[in-house]
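Visitor: I would like a quick tour of this model. Can we start with the terms and then go through the charges and the cysteines?

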Amino acid sequence: MTAQTMEELVSLCKRRGFLFQSNDIYGGIKGLYDYGPMGVEFKNNLKQAWWKSMVYERDDTEGLDASILSSPVVLKHSGHEDTFTDPLVDCRACKSRWRADQLFENNRCPNCKSEDLTEPRPFNLMFKTAIGPVDDGSSFAYLRPETCQQIFTNFKNILDSTSRTVPFGIAQMGKAFRNEITPRNFIFRVREFEQMELEFFVKPGTDDEWHEYWINKRIEWWVNQGIKKENLKKIEVEKNELAHYSKRTVDINYVFPHGEEELEGVANRTDFDLGSHTKNQNDFKITSEVMKNSSSTTKLAVQDLEEKKWYIPYVIEPSAGVDRGVLALLNEAYREENVDNDNKRILLSLKPHLSPIKAAVIPLKKNNEELVNLSKEIKSNLQKLGLGRVVLENSGNIGKNYRRHDEIGTPICLTVDFETLEDKSVTVRDRDTMKQERVSIENLSEYYKKYFN
Ligand code: ATP
């Protein structure tokens, strides 16, 4: 089962500290959200899982963490200054603004239903900010609209500082900013979000095969995070809808509570980006329509050792949204169950590696010195195993603690009771089955490690 409506997820997220509207106490700002105590753990776990699979578990990738503020020259040559736009229409009646391709009801204003709309005109989605103390417009930067451009501009730095040869990839996670005309559907479309992007550089001619490889690899990864395969759809982006850099893009769509939409895009960006940012473009046979006359001082090319020729690699890009991932996984994990006498329990059946809290240690009686001290010791020992956050719950209400930890997806709760003092064992309760078993404190570390492996 998944959530039935977005409202169920929004309510759980606020109630249990996953997500809050940003600037809430001043009325909030549309399209911005803050991750609360549970949200930040969950999001970090998701990012870690991605990093592990994209960098640590591979032998052909490197990582990067580049700056968010981006030079206009970079975004000129990437094509973003000219083409990173959405079609904007104004409603003359109520003065609201909409994305032309999202007017669902036959060209009527979604707010007041008027048909008195302007013609669509391009609206650039990039945020600008001044650099330096003098704000006279002469020196500005953009907040990056995607994380990958700095991967391209660092291509040579990374090649020169590592021993990589094509095919190889550069992975980066981080914030991206888009001045979306109509942010909506909770954290699905926001103005500040995070991306997890891999740019995988390959020899031209091998690109189609690598593209297929990454599409399948990425679907497999989402399934390993807990998304049912039938809720993921492979969608071929129509030729006339491809981004300016793309030869072919396949979107991995997910059936969100508001409908099926893109979770991740896997694009074949060809030699567009490295070509656009390269010195002396004319020295290369560049296949894509690149921005001509780059002022770059660097040749972003590699040498084919057999043919002794320089060429610009093609790039395959799996680009996923962290926030859309959070939303999809919360939705997949959401369950409502009837337990004893028609009492409802809500639980997040998250995979343990993603759960914000790995285990809660609960002394049966609040503030009982012996029970609390022993619980603290158990908590500290489990925490030292380094598998994620473990918490101590000293409120004395076991039932309430179980409910709370079900709702935030904690896989196990450990209760320390008076018997524990005698038999040196704790009660371990499983989130999904609610089954309880006694485990000796001596074996707890091993038990816990097995649980998470
Ligand atoms: P859409 O068509 O939904 O606007 P896009 O095709 O513009 O998305 P890409 O440029 O391919 O998106 O960005 C890669 C990923 O970044 C997307 O698959 C998505 O997960 C995420 N993303 C893009 N825009 C947003 C946004 N405004 N809010 C949250 N995530 C986003």
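Guide: One cut-off first: buried means under 20% relative accessible area, exposed over 50%, and partly exposed in between. Asp82, with a relative accessible area of 46%, is therefore partly exposed. Keep in mind that this is a predicted model.

Visitor: Which residue does Asp82 meet in a salt bridge?
Guide: Asp82 is partly exposed at 46%. Its partner is partly exposed too, at 32% relative accessibility. The N to O distance is 3.1 Å, and the partner is Lys76.

Visitor: How many helices and strands does the protein chain have?
Guide: The C-alpha trace spans about 80 × 65 × 50 Å along its principal axes. The secondary structure within it comes to 13 helices and 24 strands.

Visitor: What percentage of the residues in the protein chain is buried?
Guide: The accessible surface comes to about 21900 Å², with 47% of that belonging to carbon and sulfur atoms. Among contacts with a separation of 6 or more, 63% join residues 24 or more positions apart. Of the 453 residues, the buried share is 51%.

Visitor: How far apart are the mean positions of the positive and negative charges?
Guide: The chain carries 64 positive and 71 negative charges. Their mean positions are separated by 2 Å.

Visitor: How many salt bridges does a search of the whole structure find?
Guide: Side chains of opposite charge can pair when their charged atoms come close. The cut-off used here is a side-chain nitrogen of Lys or Arg within 4 Å of a carboxyl oxygen of Asp or Glu. The search over the whole structure returns 39.

Visitor: Arg15 forms a salt bridge with Glu407; how many residues apart in sequence are the parts that the pair ties together?
Guide: The closest N and O atoms of Arg15 and Glu407 are 2.8 Å apart. Arg15 sits in helix α1 (residues 6-15) and Glu407 in helix α11 (residues 398-408), so the bridge ties together parts separated in sequence by 392 residues.

Visitor: Is Glu407 buried or exposed?
Guide: Its partner Arg15 is partly exposed, at 42% relative accessible area. Glu407 has 9% relative accessibility. The cut-off for buried is under 20%, so Glu407 counts as buried.

Visitor: Which residue does Arg438 meet in a salt bridge?
Guide: The bridge is 3.1 Å, N to O. It links strand β24 (residues 436-440), which holds Arg438, to helix α12 (residues 418-423), 15 residues apart. Arg438 is partly exposed at 33%, and the partner is partly exposed at 36%. That partner is Asp423.

Visitor: Which residues do salt bridges that share partners join into one network?
Guide: Here the bridges have partners in common, and they connect several side chains. The members are Asp86, Arg99, Asp101, Glu180, Arg189 and Glu261.

Visitor: Which residues does Ser22 touch, leaving out those up to four places away in sequence?
Guide: Ser22 lies in the loop between β1 (19-21) and β2 (33-35). At 9% relative accessibility, Ser22 counts as buried. The residues in contact with Ser22 are Gly28, Ile29, Leu32, Tyr33 and Asp34.

Visitor: How many disulfides does the structure hold?
Guide: A disulfide needs two cysteine sulfur atoms within 2.5 Å. The count for this structure is 0.

Visitor: Which cysteine has the sulfur nearest to that of Cys94?
Guide: Cys94 is in no disulfide and is partly exposed at 26%. The nearest cysteine sulfur is 3.7 Å away, and belongs to Cys91.

Visitor: How far from Cys112 is the nearest cysteine sulfur?
Guide: Cys112 is partly exposed, at 34%, and is in no disulfide. The nearest cysteine sulfur is that of Cys91, at 3.6 Å.

Methods: Residues numbered from 1 in each chain as written. Predicted model: local features only at pLDDT ≥ 70, side-chain atom pairs only at ≥ 80, totals over all residues. Heavy atoms only, no water. Helix = DSSP H or I, 4+ residues; strand = E, 2+ residues; numbered from the N terminus. Buried < 20%, exposed > 50% of the residue type's maximum accessible area, 1.4 Å probe, protein only. Contact = heavy atoms within 4.5 Å. Areas by Shrake-Rupley, 256 points an atom, 1.4 Å probe, with all protein chains shown as cover. Lys, Arg positive; Asp, Glu negative; His and termini not counted. Charge placed at Lys NZ, Arg CZ, Asp CG, Glu CD.
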